[in-house]
Amino acid sequence: MKTIKLLLGLLVLGTLATSCYTEVLVGDTFVDEPVFNTDQVLSSYDLWYVDINATRGGGEVPFLQRAFTISFVNGTLYANNNMAGIGKTGNGLGIDVGYYDPLNGTVEIDHDVDGLWLLEVYVVNNGTLELRDPRSNTSYFLEGYQANTFDYDFVFYDNIDYFLQEYDAWEKTYTSEEGALNDFDEENYLRFLPGLFQSSVDLPGTRIPDLQWDFEGNYQVYNVENDETLKTLTLAYDFMGNDYFELYVINDSTIELYHPDSGTVYEFRGRGYQQYLKTGKNPTVKKRKKISNPTMKVKRNRKI
């Protein structure tokens, strides 16, 4: 079905159209088409979830590539760029990242880091917008939600890989007395990078810049069939074996790893939170990519 620019045929948002008309050349004939209120369209939902896996084109709009959600509020652009704190920061809208100016079928965005962007606005279907960058012919697809019905938990667990990467290091703060001795008992720090993890046996309380990363390898987060809030994690050490854990999130800065092979429970606290702001740290460190975690058919062993 052809995408129609700004609301044509859209039932819910159709009432936002004005009564003005403009002449548009179709073939050899000029016909009247309604002029729509772009600002009311953009602000018709509290949040727009950026469906990164639906992106089309080979280019990139950096602030959309980073954002999980964006919001258009009275000329100010808000974004949830982090998983930690999502649903709480900015009353669920995230942080102020710039300004926007709605035009006729387009929106001009002045982002505090990425500068000026003129994006075309299209309606795909009821509740879905397309923002297209004409310079790179790249389109991002946004799904509209009201804040009081938005499933922040689903978004969090669906993007948990990025949560793990939002801290410079995870420090072990607890090891259960129950459980057999195993090599992972000696590791006190973990760090997650895109596609790579590192671990350290340095003593608790070591300054992050002083950590020596003793081991590294690939890691993979798995979804669990019929259990949306349970994730599993494998650490595939270079030149060593694999460790398998059930992964639980305790709060925005604490995770629990349950090691079924030994029956040991570990807790890790995040240190060095990387908030992806409009200023300060390098804003290009974290960019979302099209990912889809594989699914395991397992049942949770840890009862919490």
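**Overall fold and the setting of threonine 234**

Of the 304 residues in the protein chain, 47% come out as buried (under 20% relative accessible area, with exposed meaning over 50% and partly exposed in between; 1.4 Å probe, protein chains only). The model is a predicted one, so local features need pLDDT of at least 70 and side-chain atom pairs count only at pLDDT 80 or more, while totals for chains, interfaces and linings use all residues. Residues are numbered from 1 along each chain as its sequence is written, and side-chain values rest on heavy atoms, with hydrogens and water left out.

The chain's secondary structure adds up to four helices and 19 strands (DSSP runs numbered from the N terminus: H or I of at least four residues for helices, E of at least two for strands). Its accessible surface is about 15,200 Å², and carbon and sulfur atoms hold 49% of that (Shrake-Rupley method, 1.4 Å probe).

Then there is the barrel: eight strands close up in the order β3-β4-β5-β6-β7-β8-β9-β10, with antiparallel pairing (two strands pair if DSSP finds at least two bridges between them). Within this set, β5 (residues 76-80) and β6 (residues 95-102) run antiparallel and are joined by four bridges. Alanine 79 sits opposite isoleucine 95 of β6.

Threonine 234 belongs to another strand, β15 (residues 227-237). Threonine 234 counts as buried because its relative accessibility is 16%. Setting aside neighbours within four places in sequence, threonine 234 is in contact with Asn218, Tyr219, Gln220, Tyr222, Asp243, Tyr244 and Met296 (contact means heavy atoms within 4.5 Å).
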